[in-house]
Amino acid sequence: MTEAIVLSLPDDAAFGQALAGALDAEHAEVSWRHFPDGESHVTLPDSLAGRSVVINCTLAHPDPKIAPLLFVADAARDLGATQVGLVAPYLAYMRQDRRFHAGEAISSRTFARVLSSAFDWLATVDPHLHRFASLAEIYAIPAQVVHTAPLLGRWISENVGNPLILGPDAESEQWVSEVAAGINAPYAVFTKTRLSDREVRIDPPDLRRYAGRQPVLVDDIVSSGRTLIEAARHLEFAGFPKPVCAVTHALFGQDVHADLARSVVLIVSSDTVAHPTNAITVSHELGAAVAALLSSTTTGEM
Ligand code: R5P
């Protein structure tokens, strides 16, 4: 067993156990309660002196988690941790990556500055990189990124016959092309215009030459579900069977899962965000990413 310890926020304990298993490390849960006025009170194990501490907290629906997460990171150092890293299987605030309208905050940058000041390194899964080429553009700490394309591809090849891989927008081409290449399937990408938080317009490409194939919509995030629902509507109109959806981060707002389920034949997701659709685990790949970060820190390569 390594000297590292994985500390999970309470909702993240199941993933934390799997991550600790992959790392052959101890796992413990942080205790987090609220005072009557709503302020957070966190308690960590009193056995962190001289150890590498890996804090595991997925950052879906992040705002209530930020203060306790920062308290845990700071307390770990105060209790003698030699290094404090963050595993955020889903990394929040990557989509507000520019000022789309006058006066808007560029939250990606601010969030990156805050996390970079609290942690020594970061491991995450498929961060939404669109206008930033890499996390290094905004994060000042070493980061390791796990890509789910091979995992999604493996699931598709084992579970879907004659697949056609489809991306709902131009941004998705980066992972859709990788999924398709890995399993030797064709792919195509729709065009998307976002009209508001819960409204998108999707323009499909000409898919006639793929008639007879099973469409598989692949996206990094499902949130309001409108992107996948609109894409599925166009597929039905074009005479395809209901699509399978394979997504990395199952953010799912309220009632979205039920709405989407009516338009598709099956939805699967990776376990970066705990959800009933989770069918693909990233714990082994994240374990390997964390092991690389821990060893480069110890050998001074960071
Ligand atoms: C957008 O750029 C992402 O890749 C997803 O397509 C998007 O976040 C999905 O959001 P929603 O489910 O709200 O349409």
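1. Ligand surroundings. In this predicted model, 15 residues surround the ligand. Those that come nearest are E171, D219, D220, S224 and T227.

2. Make-up of the shell. Charged residues account for eight members of the shell around the ligand, polar residues for five and nonpolar residues for two.

3. Polar contacts to ligand oxygen. Three protein residues can be listed here with their distances. For D220, a polar side-chain atom is placed 2.6 Å from an oxygen atom of the ligand. For G225, the partner is a backbone N or O atom, at 2.7 Å from an oxygen atom of the ligand. For D169, a polar side-chain atom is 3.5 Å from a ligand oxygen atom, and the cut-off for a polar contact is a pair of N or O atoms within 3.5 Å.

4. Burial. The ligand taken alone exposes 380 Å², and the protein buries 94% of that area.

5. Pocket and its contributors. The ligand takes up the space of the largest pocket. Three elements each give two or more residues to the shell around the ligand: strand β11 (191-196), strand β13 (214-222) and helix α6 (226-237). Of the shell, β13 supplies the largest share, with four residues.

6. Strand pairing at β11. Which strand does β11 join through five bridges? The partner is β12, residues 199-203, and the two strands run antiparallel. The connection from β11 to β12 is a hairpin of two residues. Within the pair, T191 stands opposite D203 of β12. β11 thus has two roles in this description: it pairs with β12, and it is among the elements that give two or more residues to the ligand shell.

7. Side-chain direction. When reading the strands, note that side chains in a regular strand alternate between the two faces of the sheet.

Key:
Residues numbered from 1 in each chain as written. Predicted model: local features only at pLDDT ≥ 70, side-chain atom pairs only at ≥ 80, totals over all residues. Heavy atoms only, no water. Near = heavy atom within 4 Å. Polar contact = N/O pair within 3.5 Å; in protein donor to acceptor, adjacent residues only side chain to side chain. Areas by Shrake-Rupley, 256 points an atom, 1.4 Å probe, with all protein chains shown as cover. 1 Å grid on protein atoms, 1.4 Å probe; cavity = no way out; pocket = protein on both sides within 12 Å on 5 of 7 lines; lining within 4 Å. Sits in = over half its atoms within 2 Å of the grid points. Nonpolar A, V, L, I, M, F, W, Y, C, P; charged D, E, K, R; others polar. Pairing = 2+ DSSP bridges.
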